[in-house]
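Work through these exercises with the model open beside you. Try each task before you read its solution.

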Amino acid sequence: MSNILANFIKNAISAVIFLFGIPFFVREWFYRNKTAILLYHDVQPDVFTKHVSYLLCHYKIISLDLLVSAIHNKDLSEIPPKSVVITIDDGHAGNIALLPIIMQYDISPTIYVCTQIINTHRHFWFRIPTLSKKKKEHLKRLPNAERLTHLSQTSNFEPEKEYEDRQALSLNEMKQMMHYVDFQPHTQFHPILPNCTETECKQEILGSKIDLEKHLSIECHHFSYPNGNYTEREIEFVKAAGFRSARTVDIGWNRSDTSPYQMKTIPISDDAGLIRFRAELTGIPQQIGKWVNTILWRITI
Ligand SMILES: [Zn+2]
């Protein structure tokens with residue numbers, strides 16, 4: 001399915017959800033005793049400003065640390081109703097443009113970064129321009145070594161190769177941001193963890209914690225699984241590395257009985273207009289999209 005068609009369908013679904021007033025009811029009833037962790041990637045400042053302004057009028061933006069502490073205590077009574085946490089994955093270079101908005105609105109988002117890609121000219125493998133969406137989905141299912149061999153042979157991609165342009169935040173930018181942003185690790189190179197060997201997996205999880213703590217002279221407590229993929233093995237490695245939480249991309253809200261190592265997410269489209277954004281806060285368009293993608297994948301393989 002072309003991107004234009006997929007976008008049209010998503011906007012149409014969002015418009016229907018909006019017209020039926022579903023965002024209002026979900027906000028008033030569903031967000032009362034549950035907290036959403038919103039997930040962005042490379043959102044542009046103008047879109048982010050609109051989303052944050054809307055959230056500040058209708059929701060309460062809280063820090064990830066506050067939510068994780070409440071979940072560990074199994075008591076969300078201190079969390080205000082209609083709360084959301086803002087998280088941003090990967091550490092894309094464009095995130096620096098969000099700093100004035102983050103400072104203006106005092107929203108302390110969490111940015112999970114790939115610690116061997118930040119401050120280098122290395123590239124994110126999933127941003128290779130010649131990779132189709134279908135190809136990426138196929139690669140996400142291969143053993144890690146096989147995925148890397150394939151990328152090397154077909155796209156001349158190497159994880160440690162330094163390219164001309166920089167895709168991730170520099171250390172200088174992160175140091176400007178760190179008083180307003182909670183930086184946390186998202187592995188070193190963004191592999192699909194369950195497809196890694198035990199040694200690779202441990203290195204990606206613990207290594208990213210050590211890297212980031214050294215880079216910024218901070219302590220890191222929160223982790224997010226690349227592409228949201230995890231098994232019991234990854235949960236054990238994340239706990240053993242000393243993390244207090246891990247965020248998935250499982251769609252849903254977090255409650256007092258949510259496992260801190262399987263925290264749920266409401267992914268937000270980086271280019272969502274306000275109607276689509278309000279629809280996405282219900283989680284419904286994303287869940288429909290997930291079902292459609294699963295069906296299309298099964299039909300086409
Ligand atoms: Zn990611």
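**Exercise 1: two residues in one loop**

Asp-106 lies in the loop between helix 5 (99-105) and strand 4 (110-113). This is a predicted model. Task: find what is notable about phi of Asp-106, and decide whether Asp-106 is buried or exposed. Then do the matching job for Ser-108.

Solution.

Step 1. Read the backbone angle. Phi of Asp-106 is near 55°. That is a positive value, and the residue is not glycine.

Step 2. Check the surface. Asp-106 has a relative accessible area of 66%. Exposed means over 50%, so Asp-106 is exposed.

Step 3. Move to Ser-108, found in the loop between helix 5 and strand 4. Its phi is near 35°, again a positive value in a residue other than glycine.

Step 4. Check its surface. The relative accessible area of Ser-108 is 32%. Partly exposed covers the range between 20% and 50%, so Ser-108 is partly exposed.

**Exercise 2: the whole chain**

Task: describe the overall build of the protein chain. How many helices and strands are there? How does the radius of gyration relate to the globule rule?

Solution.

Step 1. Count the elements. The chain has twelve helices and eight strands.

Step 2. Compare the radius of gyration with the rule. The radius is 19 Å, close to the 19 Å that the globule rule gives for 301 residues. The chain is therefore as compact as a globular protein of that length.

Step 3. Look at the extents. The C-alpha trace spans about 50 × 45 × 35 Å along its principal axes.

Step 4. Look inside. Of the 301 residues, 48% count as buried.

Step 5. Ask how far along the chain the contacts reach. Take contacts between residues at least 6 apart in sequence: 71% of them join residues at least 24 apart.

**Exercise 3: how two helices pack**

Task: take helix 9 (residues 198-216) and helix 10 (residues 232-240). At what angle do they pack, and which residues meet?

Solution.

Step 1. Get the geometry. The helices pack at an angle of about 45°, and their axes are 10 Å apart.

Step 2. Name the arrangement. Angles under 35 degrees count as roughly parallel, and 65 to 115 as roughly perpendicular. The angle here falls in neither range, so helix 9 and helix 10 are oblique to each other.

Step 3. Give the handedness. The crossing of helix 9 and helix 10 is right-handed.

Step 4. List the residues that meet. Helix 9 brings Glu-198, Cys-201, Lys-202 and Ile-205. Helix 10 brings Arg-233, Glu-234, Phe-237 and Val-238.

Step 5. Sort them by kind. The contact has four nonpolar residues, four charged ones and no polar ones.

Step 6. Look at the spacing. An α-helix has 3.6 residues a turn, so residues three or four places apart point the same way.

**Exercise 4: Glu-198 and Ala-241**

Task: zoom in on this region. Which residues does Glu-198 contact, beyond its neighbours within four places in sequence? Which does Ala-241 touch, with residues up to four places away left out?

Solution.

Step 1. Start with Glu-198, in helix 9. Its relative accessibility is 45%, so Glu-198 counts as partly exposed.

Step 2. Find its partners. Outside that neighbourhood, Glu-198 is in contact with Arg-233 and Phe-237.

Step 3. Compare sequence with space. Glu-198 and Phe-237 are 39 residues apart in sequence, and their C-alpha atoms are 9.3 Å apart.

Step 4. Go to Ala-241, in the loop between helix 10 and strand 7 (245-251). At 12% relative accessibility, Ala-241 counts as buried.

Step 5. Find what Ala-241 touches. With those neighbours left out, the list is Ile-205, Leu-206 and Lys-209.

**Exercise 5: Asp-211**

Task: decide whether Asp-211 is buried or exposed. Which residues does it contact, beyond its neighbours within four places in sequence?

Solution.

Step 1. Place Asp-211: it is in helix 9.

Step 2. Apply the cut-off. Buried means under 20%. Asp-211 has 17% relative accessibility, so it counts as buried.

Step 3. List the contacts. Beyond those neighbours, Asp-211 is in contact with Thr-115, Gln-116 and Gln-188.

How values were computed
Residues numbered from 1 in each chain as written. Predicted model: local features only at pLDDT ≥ 70, side-chain atom pairs only at ≥ 80, totals over all residues. Heavy atoms only, no water. Axes fitted to C-alpha atoms, helices over the stretch in contact; angles between N-to-C directions. Helix = DSSP H or I, 4+ residues; strand = E, 2+ residues; numbered from the N terminus. Parallel < 35°, antiparallel > 145°, perpendicular 65-115°, else oblique. Left-handed = near helix turned anticlockwise from the far one by under 90°. Contact = heavy atoms within 4.5 Å. Nonpolar A, V, L, I, M, F, W, Y, C, P; charged D, E, K, R; others polar. Rg over C-alpha atoms; globule rule 2.2 N^0.38 Å. Buried < 20%, exposed > 50% of the residue type's maximum accessible area, 1.4 Å probe, protein only.
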